[in-house]
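Visitor: I would like a close look at a single part of this structure. Please take the salt bridges, and set them in their surroundings.

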Amino acid sequence: MTRRTGRRPGNPGTREAILDAARTAFAERGFDAASIRAIAGTAEVDPALVHHYFGSKDQLFLAAMNFPVDPGQLVPKVLAGDLDGVGERMVRIFLGVWDSPAGSAGVALLRSAVSNEWTARLLREFITTQVLRRVLEQLDVDPAQLPLRGSLVATQMIGLAMMRHVVRLEPVASADPETLAAAIGPTIQRYLTGPLPT
């Protein structure tokens, strides 16, 4: 009997091998530089098997992050309506996810990112590529300002999640989401579309 050589066929361990390779690639190279082909090579599978299990690179990234909500489905809701309301809608939708049972995965990720650089890299990639870039690319702002604008928005949103769900600072921890959207939304709006300091 001869031992089979070549790439690993599909089996129960294949999906986990792909996810492990993807987490490493996304943390080390970032979302944009990580390729399906390289991830498949590390997992010793054919790239077609990665597509079979996960579909697109975006979907693979979400699975690697173990995040239960696809931002690609939420961003159109943030952008629906007038431009002046994007900040409030972003806070409202953000809280809708984080305050739901699905938000527990985000809280776990946030707690881990505080003490683990590898997880922090994955969280940075997730926020940058899956959320903020998708919103900012639809707004009429100078492309050179996108990194700063995105980072400023992230300070508020992650700060909100941290104070509401990890530190549990009152009255933010128990405040009505509409109250927080009305209070924080204008700041997010300014970061997204307002003038920046020169």
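Guide: What follows starts with the whole chain, then turns to the charged pairs and the helix contact beside one of them.

This is a predicted model: local features need pLDDT of at least 70, side-chain atom pairs count only at pLDDT 80 or more, and totals for chains, interfaces and linings use all residues. Residues are numbered from 1 along each chain as its sequence is written, and side-chain values use heavy atoms, with hydrogens and water left out.

First, the frame. The protein has 10 helices and zero strands. Helices here are DSSP runs of H or I with at least four residues, strands are runs of E with at least two, and both are numbered from the N terminus. The C-alpha trace spans about 70 × 35 × 30 Å along its principal axes. Of the 198 residues, 43% are buried. Buried means under 20% relative accessible area, exposed means over 50%, and partly exposed lies in between (1.4 Å probe, protein chains only). Among contacts with a separation of 6 or more, 70% join residues 24 or more positions apart. A contact means heavy atoms within 4.5 Å.

Now the charged pairs. Side chains of opposite charge can pair when their charged atoms come close. The rule used here asks for a side-chain nitrogen of Lys or Arg within 4 Å of a carboxyl oxygen of Asp or Glu. By that rule there are nine salt bridges.

Take arginine 23 and aspartate 20. Their closest N and O atoms are 3.2 Å apart. Both sit in helix α1 (residues 12–29), three residues apart, so about one helical turn separates them. Arginine 23 counts as buried because its relative accessibility is 18%. Aspartate 20 has 44% and is therefore partly exposed.

Next come aspartate 82 and arginine 89. Here the closest N and O atoms are 3.6 Å apart. Aspartate 82 is partly exposed, at 47% relative accessibility. Arginine 89 is buried, at 14%.

The pair of arginine 164 and aspartate 99 has its closest N and O atoms 2.8 Å apart. This pair links distant parts of the chain, 65 residues apart. Arginine 164 belongs to helix α9 (residues 146–166), while aspartate 99 lies in the loop between α6 (86–98) and α7 (103–115). Arginine 164 is buried, with 5% relative accessibility. Aspartate 99 is partly exposed, with a relative accessible area of 32%.

There is also a network of salt bridges. It links Glu88, Arg92 and Glu178.

Arginine 164 leads on to the packing of α6 and α9. Two packed helices are described by the angle between their axes and the distance between the axes. For α6 and α9, the axes come within 11 Å and cross at roughly 35°. Axes are lines fitted to C-alpha atoms, for helices over the stretch in contact, and angles run from 0 to 180 degrees between N-to-C directions. On the α6 side, the contact is made by Met90, Val91, Phe94, Leu95 and Trp98. On the α9 side, Val153, Met157, Leu160, Ala161, Arg164 and His165 take part. By class, the contact has nine nonpolar, one polar and one charged residues. Nonpolar covers Ala, Val, Leu, Ile, Met, Phe, Trp, Tyr, Cys and Pro; charged covers Asp, Glu, Lys and Arg; the others, Gly among them, are polar. Arg164 thus has two roles in this account: it takes part in the contact with α6, and it forms a salt bridge with aspartate 99.
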